[in-house]
Amino acid sequence: MKVLVAPLDWGLGHATRCVPVVREFLRAGAEVELAVVKANANFFREVFPDLRQRLAPSYNIVYPKHGYNMALWLLKNSMHLNAVMRYEHHFAEEMVERHGYDVLFSDNRFAFYSKKALSIYMTHQRRIAFPRAFAAFERIGVMWHANIMRKFDEVWVPDMEIYPGYAGSLSHSGATPGSKPMRYIGTLSRFSEWNAKAGEKAGNAPSSVENALENAPNIERDVDLMSVSEFMAHSASVEWNVASEPSEKRTLGMRSSVMRLAYKVVAVVSGVEPARTQFELQLREALLKIPGHHMMILGKPSADSKTWTEGNIEFHTHLATNDFAEAVKRSDFVVSRGGYSTVMDMAELGAKCIFVPTPGQFEQIVLARDLSKAGYAVEIPADELSAETLANAFEKSVKMPKVEKQNLLHDAVYDVVRKIKERSI
């Protein structure tokens, strides 16, 4: 069985939550390949150094400077989004035709499906939340999303089926795929196996498929990233070079840079521009004023790995999965955006969280608000982030609820394996 996994490129969260999905398909004996863009290629190269990567079209999302303009921004850019989706579907069909994939797995890529392969769509946003001023558009959003879902063979929701789970109303109400199957597959975190058996290299495939991966062909050449219009003029057989340097060297280099210290705050910068840089500057200014030793992870896996110190802040452009988990475990508080992938990761690590939702991403505001009301985390609006508001947050007693062990993802993957076998009979 051959599987192509394609996460949406609106921030790194979609890539990180695909990690356990990829692992589970590998355990099932599948041959897995990844459809990547520049922003997440290095991350996947670090976690799965032996898996083939193919260059996918990027949505090239740049959020408006002011979050309250988001609804108007979406209307303004609807033609661009539709153009990407049209080509994305062409790309998916071409990938199946050229490379014989049995399964296409889309993490929120709206048009990554094919009639010639079992197509799975994963989303936690059955309900796409709108701010109160634009509440009238929410029903339209639900209908649009339901139409997207119906084009896939299955819809997977990364949450617990019993309300509220971790995503509350976002995952438990809203769009449905009509007559197509929809199933909850539990929470997904790249850290679910970060402390696995000693000696297993981060990102290694399970032993049942190690030999197959060792014999996989190397990618022969680099490719230049192109605009959507340029990309659409090229063949869908382009591949991304994953063999630029030995994976062991990359992993060791990342691990040797991490200091074994305790941190008052580990701040995680993520998201799309310009909100990402605005958040970084706010955090830098605030943490320099707060006593103690802090770490800032800048969320730039596509950049060269660098570490440096300014005042009482230790900066990392990016951290390997194990190092990231160890840093969180050694921190008093984690300050980050309120994306759902981050919520699942922090729940897995048992972190004490302060969420600063991205302006304009109302689903993050809803998540942070619900978690704050439940006593699981502290919410600070982006325009109120400062040394003073962080100091006040430190006084609150919060902790993410523990993730229960579950076999929902395992069962979902093995049902896919069964279906593919039945198709081949």
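Author: Two residues are said to be in contact when heavy atoms of the one lie within 4.5 Å of heavy atoms of the other. With that idea in hand we can read this model, which is predicted, one feature at a time.

Reader: With which residues is Ile420 in contact, leaving aside its neighbours within four places in sequence?

Author: Once those neighbours are set aside, the partners of Ile420 are Met1, Asp102, Val103 and Leu118. Ile420 itself sits in helix α16, and it is buried, with a relative accessible area of 12%. The C-alpha atoms of Ile420 and Lys2 are separated by 9.8 Å, although these two residues are 418 residues apart along the chain.

Reader: How much of the contacts in the protein chain comes from residues 24 or more positions apart?

Author: Counting contacts with a separation of 6 or more, 68% join residues that are 24 or more positions apart. The chain that makes these contacts has 16 helices and 15 strands. Of its 425 residues, 54% count as buried, while the chain as a whole exposes about 18,900 Å², 51% of which is supplied by carbon and sulfur atoms.

Reader: How many residues of α13 are buried?

Author: A residue counts as buried when its relative accessible area is under 20%. By that cut-off eight of the 10 residues of α13 are buried, so the helix is largely enclosed by the rest of the structure. The buried residues are Tyr340, Ser341, Val343, Met344, Asp345, Met346, Ala347 and Leu349, and what covers them includes α1, α12, β13, β14 and α14. Just after α13 comes Gly350, which takes a positive phi of about 65°.

Reader: Strand β13 is part of that cover. Which residues does Ser336 touch, not counting those up to four places away in sequence?

Author: Ser336, which is found in strand β13, touches Val268, Phe279, Thr342, Ile354, Phe355 and Val356. Its relative accessible area is 1%, and it is therefore buried.

Reader: How many aromatic pairs are there?

Author: The count comes to 11 aromatic pairs. To name the geometry of a pair one looks at the angle between the ring planes, where over 60 degrees counts as edge-to-face, under 30 as stacked and the rest as tilted. The rings of Phe25 and Phe105 have their centres 6.5 Å apart and their planes at 70°, so this pair is edge-to-face. It links distant parts of the chain, since Phe25 is in helix α2 and Phe105 in strand β4, 80 residues apart. Both Phe25 and Phe105 are buried, and ring pairs link these two with Trp156 into a cluster.

Reader: Is the pair of Phe333 and Phe394 tilted, stacked or edge-to-face?

Author: That pair is tilted, with 5.1 Å from centre to centre and 40° between the planes. Phe333 lies in strand β13 and Phe394 in helix α15, so the pair ties together parts that are 61 residues apart in sequence. Phe333 counts as buried at 4% relative accessibility, and Phe394 counts as buried at 14%.

Reader: What volume does the second largest pocket have, and which residues lie nearest its centre?

Author: The volume of the second largest pocket is about 730 Å³. Its lining holds 28 residues, of which Ser192, Glu348, Glu404, Lys405 and Gln406 lie nearest the centre. The elements that give two or more residues to this lining are α2, α13 and α16, and α2 gives the most, with four residues. By class, the lining has 10 nonpolar, eight polar and 10 charged residues.

Reader: Where does Asn108 lie, and what sign does its phi have?

Author: The general idea is that most residues other than glycine have a negative phi, and that most peptide bonds are trans. Asn108 is not a glycine, yet it has a positive phi of about 65°. Asn108 lies in the loop between β4 and β5, and it is buried, with a relative accessible area of 6%.

Reader: What is the peptide bond from Tyr163 to Pro164, cis or trans?

Author: The peptide bond from Tyr163 to Pro164 is cis, with omega near 5°. You can find Pro164 in the loop between β6 and α7.

Notes. Residues numbered from 1 in each chain as written. Predicted model: local features only at pLDDT ≥ 70, side-chain atom pairs only at ≥ 80, totals over all residues. Heavy atoms only, no water. Buried < 20%, exposed > 50% of the residue type's maximum accessible area, 1.4 Å probe, protein only. Areas by Shrake-Rupley, 256 points an atom, 1.4 Å probe, with all protein chains shown as cover. 1 Å grid on protein atoms, 1.4 Å probe; cavity = no way out; pocket = protein on both sides within 12 Å on 5 of 7 lines; lining within 4 Å. Points joined across faces, edges and corners; volume = space filled by probe spheres on them. Nonpolar A, V, L, I, M, F, W, Y, C, P; charged D, E, K, R; others polar. Phe/Tyr/Trp six-rings, centres within 6.5 Å; stacked < 30°, edge-to-face > 60°.
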